[in-house]
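Q: Please take a close look at the empty space in this model, going through the pockets and any enclosed cavity with their linings. I would like the cut-offs behind each term as well.
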Amino acid sequence: MPANSYPSTSWDALRHIVAPLTPVAAGKRLLIKGAAIVSMDASVGDLARGDVLIEGDRIAVIGAELSGDAVEGAEVIDASNMIAMPGFVDSHRHAWEGQLRRLDPNSPTLLDYLRSTHFSVATHYRPEDMYVGNLLTALGALDAGITTLVDNSHNARSPAHSDASIDALQDAGIRAVYAPGKPLAGAWAQHWPQDLARLKQERFEDDNALVTMAMMSQWDRDTWAEARRLGLRIVTEFLGADMGKLLPELRDEGLLGPDNIFNHCTGLTDEQWEILRETGVNVNVCPRSDAQYGLEEGLTVYQRAIDHGIAPAISIDVEASYGGDMFGEMRAAYVMQRGLVQHRRYQGDTSAPAPVSVRSILETATINGARVAGLSHATGSLAPGKQADLVLIRADDINLYPSNNAIGTIVHAAERSNVDTVIVGGRIRKSGGKLLGLDMQALKHATEASRTHLFARVGYAPDIFADTPPQLAQA
């Protein structure tokens, strides 16, 4: 049905797109049996065939052929012919853009992207549009094996917009760090940074909940100070020469530290990279968006971070131009690093780094992402005591079989269709290749109603074959 033919959706209907989540019973036991286990934890290692026992929301035991009283009465998932791995961690996503997927697949510059999102449709988002965008993004992430995302929500135009975004993340059942911030264009309630304290008190009292809080902001002394007063991590879009020049002063004033998350980090000098390293700033790079939108070098700065002793995460950033799965992001990072290394060698550079390995790339998408998000104590690897955030990949699917190398299969060949099971905090969110508790027709109806509103406000008649950036009314 065309995007201009859907009536609006009531809040009550929105909140019933996904079945209400039930608490995970502390005594419930779930046994993942017979999987090839990629733990991403040095103390656990990898098992060609092993079991994972989950008790409540946590991993209890990992080992070969678990038996006895510990597993008696446990619900069993037969994971033979599957690969068990930690859930992916997307350390930087603008979840509110869910209904704008591939609106501008050929956007050649950052400005073109901003015109097709932040400077146009974003200015007309209502709270219900934030809910729909976030829910669609979170469910799509779960479907692709992403169990954790850092939601960079700098379209929080009012307190109600923030509350709707949080509701969607909670309803989806994903682990998330919600990082609200002021919009880039259009009218808003002028409620930042003062609304941070309300959100912290009303919505994020429990630091162990699936959805926790950070803050998104460009450099601003008062806003950063308020975030630190509340104990929040600070997410910043950090790129380009002008931003790089800020680093010495920020360092000298003690304003950089491990509570900073910098996205992109393109266009920085060696000296500026050293400041990030010495102050402990967390870095995530965006292989696809950095290249698509022509950010400075135009190629991922993954290797630049490695060269300066920083273990970066990789992130998906946006779905307005490309897909929302970590498989595509890992392959982009791997191929770009390999290509750059070979190019340097071909040009006679004897100092070129070693080609990246698939294990290193998987680290960027799991444990490194968890560290950037401030959640490495809870997720990012499979180990006893950690939260049970786990993905099972069917290695006997026709596109993966035979799986002669488990990590190579994940990084080079797997896709969302191979994701059989997704578990977040001990709760199964996808089973047998299908998301659980989702009314897909209701989700489609809500998404089309949102698009109807947004596209009408910017005068856009959808063209599903367009090769040029959409012409949208700007704020």
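A: What follows takes the largest pocket, then the second largest pocket, and then the cavity. The model is predicted, with local features needing pLDDT of at least 70 and side-chain atom pairs counting only at pLDDT 80 or more, while totals for chains, interfaces and linings use all residues. Residues are numbered from 1 along each chain as its sequence is written, and side-chain values use heavy atoms, with hydrogens and water left out.

The largest pocket (an open set of points on a 1 Å grid over the protein atoms alone, with protein on both sides within 12 Å along at least five of seven lines) holds about 690 Å³ of space, a volume being the space filled by probe spheres set on grid points that are joined across faces, edges and corners. It is lined by 32 residues (each with an atom within 4 Å of a point), and those closest to the centre of the largest pocket are Gly98, Arg101, Arg102, Leu136 and Thr447. Helix H3 (127-143), strand S18 (434-435) and helix H16 (440-457) are the elements that each give two or more residues to this lining, where helices (H or I, at least four residues) and strands (E, at least two) are DSSP runs numbered from the N terminus. H16 gives the most, with seven residues. By class, the lining of the largest pocket has 15 nonpolar, seven polar and ten charged residues, counting Ala, Val, Leu, Ile, Met, Phe, Trp, Tyr, Cys and Pro as nonpolar, Asp, Glu, Lys and Arg as charged, and the others, Gly among them, as polar.

The second largest pocket has a volume of about 550 Å³ and is lined by 30 residues, of which His154, Leu184, Met216, Gln218 and Glu237 lie nearest its centre. Helix H2 (110-116) and strand S10 (215-216) each supply at least two residues of that lining, and the largest share, three residues, comes from H2. In the lining of the second largest pocket, 17 residues are nonpolar, nine are polar and four are charged.

As for enclosed space, the structure holds one cavity of 30 Å³ or more, a cavity being a set of grid points where a 1.4 Å probe fits but cannot get out. The largest cavity contains about 30 Å³ of space, and its lining consists of Arg93, His94, Ala95, Glu97, Gly98, Thr137, Asp317, Val318 and Glu319. By class, two of these lining residues are nonpolar, three polar and four charged. Gly98 thus appears both in the lining of the largest cavity and among the residues closest to the centre of the largest pocket.
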